[in-house]
Amino acid sequence: MPELAEVEFFRRRWHEAGAGQIVRAARVLARSRVYRGLAREFRGGANALARALAGRRFAESGTHGKQMWFGFTERNAKRGADALWVGVHLGMTGELLVEHGGYAPAKYDALVLELERCTLVFNDPRQFGRVHAWLGPEGTRPPWLRDLPPVVTAPEFSAEAVRDYLARHARAPLKAVLLQQERFPGIGNWMADEILWRAGLHPALPAGRAARLANRLHAAVREVAEDALRVIAGAGGPLPPDHNANIPDTWLFLHRWRDGGRCPHTGRPLRRAVIGGRATCWSPARQRAPRFTKEFEQKETKPTKKHPKSKTHRSSQST
DNA sequence: CACGATGTTCCCTG
DNA sequence: CCAGGGAACATCGT
């Protein structure tokens with residue numbers, strides 16, 4: 001579920017329920033894969049994190065693309081005291097939940113924060129998500145929040161930056177380019193399709209051929225990001241009950257997975273194929289690339305061989 | 001039973 | 001060395 005708007009939705013859900021409260025107890029599912037690598041940035045890993053959280057105050061939170069963070073200060077803020085930062089990436093199936101009353105942890109609850117008046121839960125069955133943690137002087141930022149690219153709603157995210165990026169990845173399909181977090185932080189599979197659909201660009205079009213259309217693509221990225229934030233995360237307004245409660249029927253989103261789905265704009269059938277390694281949906285009637293479409297259709301008809309990969313080595317990682 | 005899923009990272013190849 | 005493609009990761013729902 002997690003692209004930038006859902007990420008903001010979940011951050012707000014935790015923040016509005018729990019900000020300002022003390023962590024009475026923290027529980028971690030230490031064997032969850034979301035803690036992979038944590039010990040390298042936080043001594044003692046997941047269990048040490050649970051101990052460090054207890055007694056702290058949930059003070060602040062923020063997002064950057066698909067990354068979000070929560071800041072925990074010491075209960076009685078002393079001068080020069082270290083703040084504890086917890087980063088959360090939701091991966092493919094992660095969710096942030098708010099529970100009340102005596103909450104019994106469920107399967108795949110990677111992190112459970114028992115606060116004064118509610119319980120905050122990070123649940124992730126598939127465990128592609130990730131938890132970061134870092135202890136540092138207040139006013140400083142953890143390493144994973146430094147040197148981040150501009151978010152797509154910031155002025156620094158310019159049409160020129162998009163044009164340069166398209167030119168630099170000239171041979172990659174537009175779909176693959178939009179998924180690059182180093183330039184389009186927070187854009188994921190459905191937003192990429194939504195953007196290309198609104199811009200009227202074919203997802204398999206090589207980026208180099210779209211460089212001259214960078215303005216249009218840039219505008220669509222902005223527009224989809226702003227609309228999604230408003231509709232999904234209720235930016236500036238109340239938080240919707242579910243992240244997809246208010247998505248308009250006029251978006252591609254609601255039609256993309258339905259078999260026999262039709263373009264909400266043209267009424268013509270939608271097409272689906274794997275492009276840039278990801279399931280992709282587009283409206284052929286709306287997203288044409290003259291001269292190019294033909295090539296793509298040809299490529300499409302080629303028998304897609306999938307060899308039953310012979311698994312060989314897998315170097316075990318050390319330290 | 002088999003396939004595929006709103007993500008990232010590593011490995012392989014050209 | 002670089003860019004791009006594909007598999008792996010782990011689980012659940014259709």
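Me: Two strands count as paired if DSSP finds at least two bridges between them. In this predicted model, which residue of S3 is the bridge partner of Thr63?

Reply: Strand S2 (residues 57–64) pairs with S3 in the antiparallel sense, over 7 bridges. Thr63 lies within the residue range of S2. Its bridge partner in S3 is Met68.

Me: Which residue in the turn between S2 and S3 has a positive phi?

Reply: S2 and S3 form a hairpin, with 2 residues between them. In that turn, a positive phi of about 60° belongs to Gly65.

Me: In what order do the strands of the sheet that holds S2 and S3 stand?

Reply: S3 pairs with strand S4 (residues 82–89) over 6 bridges, in the antiparallel sense; one of the bridges has Gly71 facing Trp85 in S4. S2 and strand S8 (130–137) are edge strands with a single partner each, so one side of each has no neighbour in the sheet. Neighbouring strands here are turned by 20° against each other on average, direction ignored. The sheet is open, has 4 strands with antiparallel pairing, and its order is S2-S3-S4-S8.

Me: What is the order of the open sheet that contains S1?

Reply: S1 and strand S6 (residues 109–114) run antiparallel and are joined by 4 bridges, and Ala25 has Glu114 in S6 as its bridge partner. Strand S1 (25–28) and strand S5 (95–99) each have a single partner strand, so they stand at the edges with one side left without a neighbour in the sheet. On average, neighbouring strands of this sheet are turned by 15° against each other, direction ignored. The 4 strands, with antiparallel pairing, follow the order S1-S6-S7-S5.

Me: What angle does the direction of H1 make with that of S2?

Reply: H1 lies across S5, S6 and strand S7 (119–123), at about 25° to S5. H1 also packs on the sheet of S2 and S3, touching both of these strands. With the direction of S2, that of H1 makes about 165°.

Me: At what angle does H3 run to S4?

Reply: Helix H3 (residues 45–53) touches S1 and S6, and its direction makes about 170° with that of S1. H3 also lies across S3, S4 and S8. Its angle to S4 is about 125°.

Me: Is the aromatic pair of Trp14 and Phe70 stacked, edge-to-face or tilted?

Reply: The structure holds 8 aromatic pairs. In this one the ring centres are 4.9 Å apart, with 50° between the planes. Planes under 30 degrees apart count as stacked and those over 60 as edge-to-face, so 50° falls in the remaining class, tilted.

Me: How many residues apart along the chain are Trp14 and Phe70?

Reply: Trp14 and Phe70 are both buried, and ring pairs link them with Phe58 and Phe72 into a cluster. Trp14 sits in helix H1 (residues 4–18) and Phe70 in strand S3 (residues 67–73). The pair links distant parts of the chain, and its separation in sequence is 56 residues.

Me: Over the face of which residue does Arg198 lie?

Reply: Arg146 lies over the face of Trp134, at 5.4 Å from the ring centre. Arg198, one of the buried residues of H6, is at 5.1 Å from the centre of another ring, that of Trp251.

Me: How many residues of H6 are buried?

Reply: Helix H6 (residues 189–199) is mostly covered. Its buried residues include Trp190, Asp193, Glu194 and Trp197. Among the elements that cover them are H1, helix H5 (174–178), H7 and strand S10 (278–282). Of the 11 residues in H6, the number buried is 11.

Me: How far apart are the end C-alpha atoms of H7?

Reply: Helix H7 (residues 214–233) has 14 of its 20 residues buried, and Gly234, with a positive phi near 60°, follows it. At 1.5 Å a residue, the helix should span 28 Å. The distance in the model agrees with this: 27 Å.

Me: What is the relative accessible area of Ala245?

Reply: Ala245 is in the loop between H7 and strand S9 (271–275). Its C-alpha atom is 8.4 Å from that of Val231, 14 residues apart along the chain. Ala245 is partly exposed, a class between the 20% limit for buried and the 50% limit for exposed, and its value is 40%.

Definitions and conventions
Residues numbered from 1 in each chain as written. Chains lettered and ligands numbered in written order. Predicted model: local features only at pLDDT ≥ 70, side-chain atom pairs only at ≥ 80, totals over all residues. Heavy atoms only, no water. Phe/Tyr/Trp six-rings, centres within 6.5 Å; stacked < 30°, edge-to-face > 60°. Buried < 20%, exposed > 50% of the residue type's maximum accessible area, 1.4 Å probe, protein only. Lys NZ or Arg CZ within 6 Å of the ring centre and 35° of its normal. Expected span 1.5 Å × (residues − 1). Axes fitted to C-alpha atoms, helices over the stretch in contact; angles between N-to-C directions. Contact = heavy atoms within 4.5 Å.
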